[in-house]
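Student: Could you take me through one part of this model up close? I'd like to look at a pocket and then at a few spots elsewhere in the chain.

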Amino acid sequence: MPDRRPSPLDRVLRTAARLRRRGPAELAGVARDRLLAWVRSEDELIMLARRSQGPVPEVRHDPGLALRVASAADGELYERAIGTESAATFRRRLTATTRCFFVEGGDGLLHASWVTTGAAWTREIDAYVVPPPGDAYVYESFTRPEARGRGVYPFALLGICEWAAGAGVTTVWVAVEAGNAPSLKAIRKAGFERVYEMRFGRRWGRLTLVVERPDGAVTPGVAARVEG
């Protein structure tokens, strides 16, 4: 079962949660940025991958961090600490193929990452990203501002890879926007390697998407693949 495209009701509930937890200034900033991107934008998603049972790099991080799989009972915690989902929409997203992983420490919930072995709706490209059979895809990762620079994201990715190895998942995939240098650095620290890029852009809402494969060939939307 895919992590589906949000319904109109989901969008309302998410917006209300963001307003409550992150405030009107951030909500206004998100709305402005998305409007500008709808009018005219160009960007690139870099897709990286790592074998779940590959060599484990040494990553420095704060002591006392713990990774766990979230449950439906964690909806209120996610809404309060992360703020991008309501408790209800968080619970609805959890399925047999879609999980959310929490990193917790002395300051409470520090980080959340979604992981699917099915498919994940990706707003930036208006499509589903689907990992190859037997693989998993990590997305919508968020580290709370006060926890950044403490090795939390690489810690989460290494823990997810350990979980994946135990669950029989061969390869873990993750995507990051080309301009997000801190996240790209964190992902590489966890042993992920760049595989291919997805270039996308909009002109008055019309999307153009091109996937560049490792062999240099350029084709419209495929692989860990993209489905409309």
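Tutor: What follows is a walk through the second largest pocket, then a helix pair and some single residues. Keep in mind that this is a predicted model.

Let's start with the pocket. The second largest pocket has a volume of about 200 Å³, and 12 residues line it. Nearest its centre you'll find Asp-3, Arg-4, Asp-10, Arg-92 and Arg-93. Two elements each give two or more residues to this lining, namely α1 (8-22) and α4 (87-93). The largest share comes from α4, with 3 residues. As for chemistry, the lining of the second largest pocket splits into 7 charged, 3 nonpolar and 2 polar residues.

Now swing over to the helix pair. Packed helices in general are described by the angle between their axes and the distance between those axes. For helix α5 (residues 152-166) and helix α6 (residues 181-189), the axes come within 8 Å and cross at roughly 45°. That angle falls between the roughly parallel range, under 35 degrees, and the roughly perpendicular one, 65 to 115, so α5 and α6 count as oblique to each other. The crossing of α5 and α6 is right-handed.

Next, two buried residues. Tyr-196 sits in strand β9 (residues 193-203). Its relative accessible area is 4%, and since buried means under 20%, Tyr-196 is buried. Look for Met-47 too: Tyr-196 and Met-47 are 149 residues apart along the chain, yet their C-alpha atoms are separated by 5.4 Å. Asp-135, for its part, is in the loop between β6 (127-129) and β7 (136-143). With a relative accessible area of 7%, Asp-135 is buried. From Asp-135 to Thr-116 the C-alpha to C-alpha distance is 8.7 Å, with their positions 19 residues apart in sequence.

Finally, a bit of backbone. Most residues other than glycine have a negative phi. Glu-140 has a positive phi of about 50° although it is not a glycine. Trp-204, also a residue other than glycine, has a positive phi near 50°. Where do these two residues lie? Glu-140 is in strand β7, while Trp-204 is in the loop between β9 and β10 (206-212). As for accessibility, Glu-140 is partly exposed at 37%, whereas Trp-204 is exposed, with a relative accessible area of 61%.

Methods: Residues numbered from 1 in each chain as written. Predicted model: local features only at pLDDT ≥ 70, side-chain atom pairs only at ≥ 80, totals over all residues. Heavy atoms only, no water. Helix = DSSP H or I, 4+ residues; strand = E, 2+ residues; numbered from the N terminus. Buried < 20%, exposed > 50% of the residue type's maximum accessible area, 1.4 Å probe, protein only. 1 Å grid on protein atoms, 1.4 Å probe; cavity = no way out; pocket = protein on both sides within 12 Å on 5 of 7 lines; lining within 4 Å. Points joined across faces, edges and corners; volume = space filled by probe spheres on them. Nonpolar A, V, L, I, M, F, W, Y, C, P; charged D, E, K, R; others polar. Axes fitted to C-alpha atoms, helices over the stretch in contact; angles between N-to-C directions. Parallel < 35°, antiparallel > 145°, perpendicular 65-115°, else oblique. Left-handed = near helix turned anticlockwise from the far one by under 90°.
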